[in-house]
Amino acid sequence: MANKYLYPQNSATRQVVDLSGMWKFAFDFESEGDVKGYKNGIPDGILLPVPASFADFFTEKLYKEYTGDFWYETEFYADIAWADRDVDIRFYAAAHVAEVYFNGEKVAYHHGGFLPFTINVNKQLKYGVPNRIVVKLNNELSHTTLPCGEYKVLKNGRKLTAPYFDFFNYSGLIRPVKLVITPKNSIVDITLNHRTESKTAYTDYTVETVGAGNVNVEVYDEKHKKVAAVSGNNGTVEIKNAHLWQPLNAYLYTFEFTLSDNGVIYDKYSLEVGVRTVKVVGNRILINETPVYFKGFGKHEDSAVCGRGYNLPFIKRDFELMKWIGANSFRTSHYPYSEEIYQLADREGFLIIDELPAVGMLVSTRNAVDAATAAKIKPFFEEEIVQTVTLKNHINTLEECVQRDKNHASVVAWSLLNEPDTTGSEKAIPYFKALFDKCAELDVQKRPRSFAHIIASQPDKCLCTHLTDFVMLNRYYGWYLLGGYELEDGFARLDEELTKWDKTGKPVMFTEYGTDTLPGLTRLPAIQWTENYQEEYLEGYHKIFDKHDCIMGEQIWNFADFQTTEGIIRVDGNKKGIFTRERNPKHVAFGLKKRWDKLPVNYKGNK
């Protein structure tokens, strides 16, 4: 069976076994693990937690900065009751390239570190003795990996990662690994699409199954009252007097799918479903036919010690802080996040711009500066390998992301790239067109598509804006350029640019703007890095946003401070957070809360 994307759940017909814990781990400095037979077991490993990134566990830089191959290993016993069922291993994310060996046999290869993949191990599974999982991972960056970058070899023979992006290249088994046990006759995929007429909602559904059986669908409201029932592998569910899923006012129906035959139930799977529509009309983004103004952040999955590792307490804390400050949205910059984040966003009514890990498609190891100043650099999309191998990997990742996240009410738009080079070569056009066309083909809900524009991607210079349904702008006038005493000139440049975007007729979303800020640092007059400079900067941007009719959202960079590659423009990471890395508010958070609490969800909705 091909990769299975349904989120694992325990039920009367399904079982999930968590393999999280301390796994055996080994760095492979000399790339000799294959020759030495690590696939059969790591000979001299240390113990490391899974899920987590590995970098911040170590006190030696040799390990924190490690680039190359590395290995994980664990064992488990199989229950004899699984003998007549399907047993899959599900990796929720393995960064970045993974080869999986089960009882010494290679059973999978997966490219991409932020999306799940499953492996059926029925043929290799043993009973009564331990079953061994060994994973070989690699975190080297290149022009064909997502995210993109490079590495160099130091004089001592060690490799040094050189990312084309401004966040730390955390790696490892960053999300859970679980066994998923399902019936031979089972439900393997579900696709939903919604439409509304008056007070009635219609959900078109398609259910993919394996083995015998007929599909029945029952729908329950939040009071557990049955409101609809239909049969068939595909059809339409009709819900009268429907409660629609709204921003910050979520309503979730439970759709129960049952596979059965002659009264014998083979499999059951349930989904919490928010019924809503999304589309772009003119320069407005409509949720349920009503214009919505996006307030929120670019974020990162980033925390101390765990790095990019799965961290439920931080997930919960982040949502509480976003609700407190009056946000209603965020972008999964710069990669798809843990599935539990989308589930909580569904429940809380948050809007998500779901972004692929296509970051670094600008040939620069100092991209924060080069992107802002439009430095002359080698065009990324001129390379033949980018037009072939990278595009193939990019489309594969797009397929996995849409397949995984297609049913989430919270996902209302796709970001297919972050800050790519769209002015250096016309060869960017066919690359982008292939992505945008594929996304439209894959997503039955036809969510709006876009990419995050760097400063060089101006309305009269960008070669690919015409492919977007709405415009995403990352702008740092007043920080990377025209900062400090030139801040007023920075505001003027922003105002002038937005006048040009007004004329495109598209909705414009600010997906990045902000300043690095050290908590507690203030000066009169304000200077860069101070808390009061951050406040003056955001106040100036917001006054300009309010002037321009096309602006339909403001997502600040960043929600919280996060770790980056070390360098002379970063002091222990990027400090653009409205909250610290520990999730404490900077002073600007209180003023931002006042603004966002006052802005209605349909701000600018009526022209």
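Three exercises with worked solutions follow, all on a predicted model.

**Exercise 1. The open sheet**

Task: Give the strand order of the open sheet of 4 strands, and state which strands are at its edges.

Solution:
- Start with the order, which reads β1-β12-β5-β8. The pairing is antiparallel.
- Next, find the edges. β1 (15-18) and β8 (117-120) are the edge strands, since each pairs on one side only.
- Then take the twist. On average, neighbouring strands in this sheet are turned by 25° against each other, with direction ignored.
- Now look at one edge. β1 pairs with β12 (residues 177-182) in the antiparallel sense, over 4 bridges.
- Finally, fix the register. V17 stands opposite L179 of β12.

**Exercise 2. The largest pocket**

Task: Describe the largest pocket by its volume and its lining.

Solution:
- Take the volume. The largest pocket holds about 420 Å³ of space.
- Count the lining. The pocket is lined by 23 residues, and those closest to its centre are Y7, Y269, L271, Q343 and H408.
- Assign elements. At least two lining residues come from each of β13 (186-197), β19 (264-273), α3 (339-348) and α5 (384-405).
- Pick out the main contributor. β19 gives the largest share, 5 residues.
- Sort by class. The lining has 9 nonpolar, 8 polar and 6 charged residues.

**Exercise 3. Aromatic pairs**

Task: Classify the ring pair W23 and Y72, and say which strands W23 and Y72 lie in.

Solution:
- Recall the descriptors. An aromatic ring pair is described by the distance of the centres and the angle of the planes.
- Set the context. The model has 55 aromatic pairs.
- Read the geometry. W23 and Y72 are 6.4 Å apart centre to centre, with 80° between the planes. The cut-off for pairing is 6.5 Å, and planes over 60 degrees apart count as edge-to-face. The W23 and Y72 pair is therefore edge-to-face.
- Place the residues. W23 is in strand β2 (residues 21-28) and Y72 in strand β4 (residues 69-76), so the pair ties together parts 49 residues apart in sequence.
- Check burial. Buried means under 20% relative accessible area. W23 has 0% relative accessibility, so W23 counts as buried. Y72, also at 0%, is buried.
- Set a second pair beside this one. F380 and F381 are edge-to-face too, at 5.2 Å centre to centre and 85° between the planes. Both F380 and F381 are buried.
- Widen the view. Ring pairs link W23 and Y72 into a cluster that also includes F25, F27, F29, F54, F58, Y63, Y66 and F70.

Conventions. Residues are numbered from 1 along each chain as its sequence is written. This is a predicted model: local features need pLDDT of at least 70, side-chain atom pairs count only at pLDDT 80 or more; totals for chains, interfaces and linings use all residues. Side-chain values use heavy atoms; hydrogens and water are left out. Two strands pair if DSSP finds at least two bridges between them. Axes are lines fitted to C-alpha atoms, for helices over the stretch in contact, and angles run from 0 to 180 degrees between N-to-C directions. On a 1 Å grid over the protein atoms alone, a cavity is a set of points where a 1.4 Å probe fits but cannot get out, and a pocket is an open set with protein on both sides within 12 Å along at least five of seven lines; lining residues have an atom within 4 Å of a point. Grid points are joined across faces, edges and corners, and a volume is the space filled by probe spheres set on the points. Ala, Val, Leu, Ile, Met, Phe, Trp, Tyr, Cys and Pro count as nonpolar, Asp, Glu, Lys and Arg as charged, and the others, Gly among them, as polar. Rings of Phe, Tyr and Trp (its six-membered ring) pair if their centres lie within 6.5 Å; planes under 30 degrees apart count as stacked, over 60 as edge-to-face and the rest as tilted. Buried means under 20% relative accessible area, exposed over 50%, partly exposed in between (1.4 Å probe, protein chains only).
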